[in-house]
Number of protein chains: 2
Amino acid sequence: MAHPTMQQVAERAGVSTALVSLVMRGAPNVSDHRRARVLKAADELGYRPNVLARNLASRRTRTIGVVLNDLHNPFFAEIVDGLQRAADADGYRVLIGNGKHSKAGERESVETFLQLRVDGIVMAGATISVSAMEEAAASTALVIVGRTARSTKFDTVNTDDVHGARLAVDHLVGLGHERIAHVDGGSGAGAAARRKGYAQTMSGHGLGEQAMISAGDFSEAGGSAAAGELLAVAPRPTAIFAANDLSAVGVLGAADHAGLRVPDDLSIVGYDNTALAEMHHTSLTTINQPREDLGRIALELLLQRLEGGRTAAVHHVVAPTLVERTSSGPRPPTKGTR
Amino acid sequence: MAHPTMQQVAERAGVSTALVSLVMRGAPNVSDHRRARVLKAADELGYRPNVLARNLASRRTRTIGVVLNDLHNPFFAEIVDGLQRAADADGYRVLIGNGKHSKAGERESVETFLQLRVDGIVMAGATISVSAMEEAAASTALVIVGRTARSTKFDTVNTDDVHGARLAVDHLVGLGHERIAHVDGGSGAGAAARRKGYAQTMSGHGLGEQAMISAGDFSEAGGSAAAGELLAVAPRPTAIFAANDLSAVGVLGAADHAGLRVPDDLSIVGYDNTALAEMHHTSLTTINQPREDLGRIALELLLQRLEGGRTAAVHHVVAPTLVERTSSGPRPPTKGTR
DNA sequence: TCTAATACTTGGAGCGCTCCAATCATGACG
DNA sequence: CGTCATGATTGGAGCGCTCCAAGTATTAGA
C-alpha cells in the first residue's frame, strides 16, 4: 500500500535505478527497448515519482509559488491564468498560497514557499513592506505584480495607474463633465497612483477646483459609503471615477438608493475591467488592465532570472486601456446651482 | 549564498544535528540553555529548515492540497477560508491547485499533490469522474466538497441542494407566485439536485404544469440567454429561480433589457449567497450555503482519516438557508391572459 | 559514596531520487 | 581484426533531515 519506489520499478524491469531515473525524466539516450520495459513496470506498479526526493536530490523544484493577497478577488485569478499558461508551456508547476488578505498571511505563504525551496515566487497584490520583499528576494527570485515598489533586489510588473486614471478622467471630460469626483482606494495597491492621476488630470483640464476625493477602500461597502457622501454635496458631481470596479458597483448601489439614473443623472467609471464590470446588469465603463499579460510577463521575468542568469532588477510597466460601456454618458443639462 | 543546513547550525552551536533537529521541531526534552544556543546560531546563519528533506525523512508533509475547480469563483475562496482556518489551528499548511476549470486541469493538480506526497487532498467543485476520484483516494485521504458522489473510498461534504431549491420555490409560492420558472445549471455541480428540488416542489404545490425550465450553465451569459427565452413566453413567468447567483444576475440583466422592474414585475431568486448577491445594486434573494462550514468540515473529515484512523467513508450533508433581499416580492396583480 | 533513575545528547542509518564517473556495447573505419 | 568514437547503462555518493538505539550527564535516594 505504501508508494512503490524507483528501486522497485528498477528490479521489476531488471535495470538499474539510474536508468529508471533517466526514463522518468524523459532523457534522450535510452534505448526504446529499455524505455518500454521501465514504463511498463512503472505502470504495473502504479509508480509515481516522489517529488520531494527528486527535488532534494536535484536541488531544483521547477515549481513557482504564487502568493495571492486575496483569493476572493477574481482580478488575481486572471493574473494566475496568464502566469499558469506560460508556466505550463515551460514545464513549471504552479502552487498558490493564500495571503488571507493580511500581511501576516502573505508572509506565512512566502515562508512556506521558501521552505519548500520553490524556484521562484510571484506575489500579486502584495501588501507587505518592501524590506520584507527584499528579504525574501535574498533567498529566491521574486517578482511583484500590481504594486509599484522600486528595489534593486526584485522585479515588478505593473500597469501605469497614473495613466489609467488619466484615461478615465479624460473620457469623462470628453463627455462634458466637470464636476468629477473620485472614490479612492485608501492604502490599497495602486490606489495612490490612481488618486494622483485623477488629481493631475483634473488640474490639467483646469478643473482642479472641482476635484473631490472621498475615501474608499476598494470594497463595495466603501464605495457605497463614499458615494453617499459625494452625492449629498450640492451641487452634486455628475460623474464619479471609482478606484476599482468593486467600489464602482458600490457607487452604483448608492445611485440606485438616491434614485439617480445611470448614466443619465450620474456617470460612473470603474477600474480593472473585472467580470463584474462586464455583466449586463452593471455594464461599467472601466479601465482595463491586461491581467493575463501581467501574469505572463511576471513568469517571463522570473525565467530570465532562473534560466537566463539575469540579476539586475527590471520594472516593467504595461499600458491600461479604456473600455466603454453604458455606465458613462454625456453630462446632464445643468439646472439649478451654478 | 546557498541555504545554510542543519549541519552548519549544529557546528556553529557546538551541538549535534540531532539536537538541532529537536529544537527546530520544538521538542520538549531539550535544555533551555542548548535550545537558546541553537536558536541563536540558526538566526545568525539565517537558517530555514528544508521542508523537502524534512518531509522526505519523516514521511509526513503536514500539508493539505486543495484543488479548486475554478479560481475565478469566489464561492470556492470562502470554502478555502474555512478550511484554512481549521488547518492553521491544527498546524497543517494549505496549498492550492488551480483546476483551470477543466477536468484535465483538476487531474493535473491532483497528480502534482500526489507527487508532492501531501497528507490529504480536498477537491472543491470537482468535475472529474468518480472513478478518477477513487483512484486518487487510493493514494491519499480525499474529501470532495460541493459535489455529491457516493463512494466508499472518500468522503464528501455537501449542502442539501434539493432542500435549497425547495426553500426558494416555497418562498416564491408564499409570495403568491405561480408561474415560477427555473434557469438551471446544466451539468454543473449541484445543478441536477436543484432542478429536481424545483420540479418536486412545484408539483408539491400543484404547480407542476406551470413548471418551466430553461437551460443555463451557471454563467451570467447563460442566465441572461435563458431568461430571455423565458420572458418571451406569454404569459411570462412572474418569478425566476436561477441555479446560482451568477446566472441570477444574468436574469437581472435580461429583465433590465426587457424593461421589467425587479421585484415589481419579476421576482428573482439566486443560489449560493455569494458576494454578488449581497451587493446593493443586485441585492439578490438567494439560498445560502454555509461555505466556511463546508471548508471546516472538509478538514475535519480529513483529519479523522489522517489522525483518527477512520477509513469508512462519510457523506456529510449541511442544510442551506434562505436569505431574503429585495429581488423578490409579491406577485404582480394578474392582468391580461389567464 | 554509590546506584538507579531521569534528563539530555548524539551517532548514524535511512528517506527516494539525481548525477557524475566509470563501464560496457556497438558500429565505423583503416 | 584492432582501434576509436559514440551511445547506453550502472554503481554509488550524496541532497538535508528524522528517528531510533545508545551514550553521557545529573540528580535523588540509600
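Reader: In which loop of chain B is Gly99(B) found?
Author: The model discussed here is predicted. In chain B, the element before Gly99(B) is β2 and the element after it is α6. Gly99(B) is therefore found in the loop between β2 and α6 of chain B.

Reader: Is Gly99(B) buried or exposed?
Author: A residue counts as buried if 20 or more other C-beta atoms lie within 10 Å of its own. Gly99(B) has 26 other C-beta atoms within 10 Å, so Gly99(B) is buried.

Reader: How far apart in space are Gly99(B) and Leu68(B), C-alpha to C-alpha?
Author: Gly99(B) touches several residues beyond its sequence neighbours, among them Val67(B), Leu68(B) and Asn69(B). Gly99(B) and Leu68(B) are 31 residues apart in sequence. In space, C-alpha to C-alpha, the separation of Gly99(B) and Leu68(B) is 5.4 Å.

Reader: Is strand β3 of chain B largely enclosed, and how many of its residues are buried?
Author: In a regular strand the side chains alternate between the two faces of the sheet. On one side of β3(B) are Gly120(B), Val122(B) and Ala124(B), and on the other are Ile121(B) and Met123(B), with both sides buried. Strand β3 of chain B is therefore largely enclosed by the rest of the structure, and the number of its residues that are buried is five of the five.

Reader: Which residue of β3(B) stands opposite Val67(B)?
Author: Strand β1 (residues 63-68) of chain B runs parallel to β3(B), and five bridges join them. Opposite Val67(B) in β3(B) stands Met123(B).

Reader: Which residue of β4(B) stands opposite Ala124(B)?
Author: β3(B) is also joined by five bridges to strand β4 (residues 141-145) of chain B, and these strands run parallel. The residue in β4(B) opposite Ala124(B) is Val145(B).

Reader: Which residues touch the most other members of the largest nonpolar core?
Author: In soluble globular proteins, nonpolar side chains tend to be buried together. The largest nonpolar core here has 92 residues. One of its members, Val122(B), touches residues including Ile64(B), Leu83(B), Val143(B) and Ala298(B). The residues that touch the most other members are Val122(A), Ala298(A), Val122(B) and Ala298(B).

Reader: How are the two copies, chain A and chain B, related?
Author: Two copies of a chain are related by a rotation about an axis and a shift along it. Chain B can be laid on chain A by a turn of 180° and a shift of 0.0 Å along the axis, with an RMSD of 0.1 Å. The two copies are thus related as by a two-fold rotation axis.

Reader: Through what surface do the copies meet?
Author: Chain A gives 36 residues to the contact and chain B gives 36 residues. On the side of chain B, the elements that give two or more residues include α5 (74-90), β2 (93-98) and α6 (103-115). Of the interface residues of chain B, 100% are also interface residues in chain A, so the copies meet through the same surface.

Reader: Which element supplies the largest share of the surface near DNA strand C?
Author: DNA strand C is surrounded by 28 residues, and the closest include Met6(A), Ala53(A) and Ser16(B). By class, this surface has 14 nonpolar, eleven polar and three charged residues. The largest share, five residues, comes from α4(A).

Reader: Which element gives the most to the surface near DNA strand D?
Author: Around DNA strand D there are 27 residues, and those that come nearest include Asn29(A), Met6(B) and Ser21(B). By class, the surface near DNA strand D has 14 nonpolar, ten polar and three charged residues. The element that gives the most, with five residues, is α4(B).

Reader: What is omega for the peptide bond from Val262(A) to Pro263(A)?
Author: Most residues other than glycine have a negative phi, and most peptide bonds are trans. Pro263(A) lies in the loop between α11 (245-257) and β9 (267-269) of chain A. The bond from Val262(A) to Pro263(A) is cis, with omega near 5°.

Reader: What is phi of Asn273(B)?
Author: Asn273(B) has its place in the loop between β9 and α12 (275-278) of chain B. Asn273(B) counts as buried because it has 24 C-beta neighbours inside 10 Å. Although Asn273(B) is not a glycine, its phi is positive, at about 55°.

Methods:
Residues are numbered from 1 along each chain as its sequence is written. Chains are lettered from A and ligands numbered from 1 in the order in which they are written. This is a predicted model: local features need pLDDT of at least 70, side-chain atom pairs count only at pLDDT 80 or more; totals for chains, interfaces and linings use all residues. Two residues are in contact if their C-beta atoms, placed from the backbone, lie within 7 Å. Helices (H or I, at least four residues) and strands (E, at least two) are DSSP runs, numbered from the N terminus. A residue is near a molecule or strand if its C-beta atom, placed from the backbone, lies within 6 Å of it. Ala, Val, Leu, Ile, Met, Phe, Trp, Tyr, Cys and Pro count as nonpolar, Asp, Glu, Lys and Arg as charged, and the others, Gly among them, as polar. Copies are superposed by least squares on the C-alpha atoms of residues with pLDDT of at least 70 in both. A nonpolar core is a set of buried Ala, Val, Leu, Ile, Met, Phe, Trp, Tyr and Cys residues joined through C-beta atoms within 7 Å. A residue is buried if 20 or more other C-beta atoms lie within 10 Å of its own, exposed if 12 or fewer, and partly exposed in between; C-beta atoms are placed from the backbone. Two strands pair if DSSP finds at least two bridges between them. Lists of a residue's contacts leave out its neighbours within four places in sequence.
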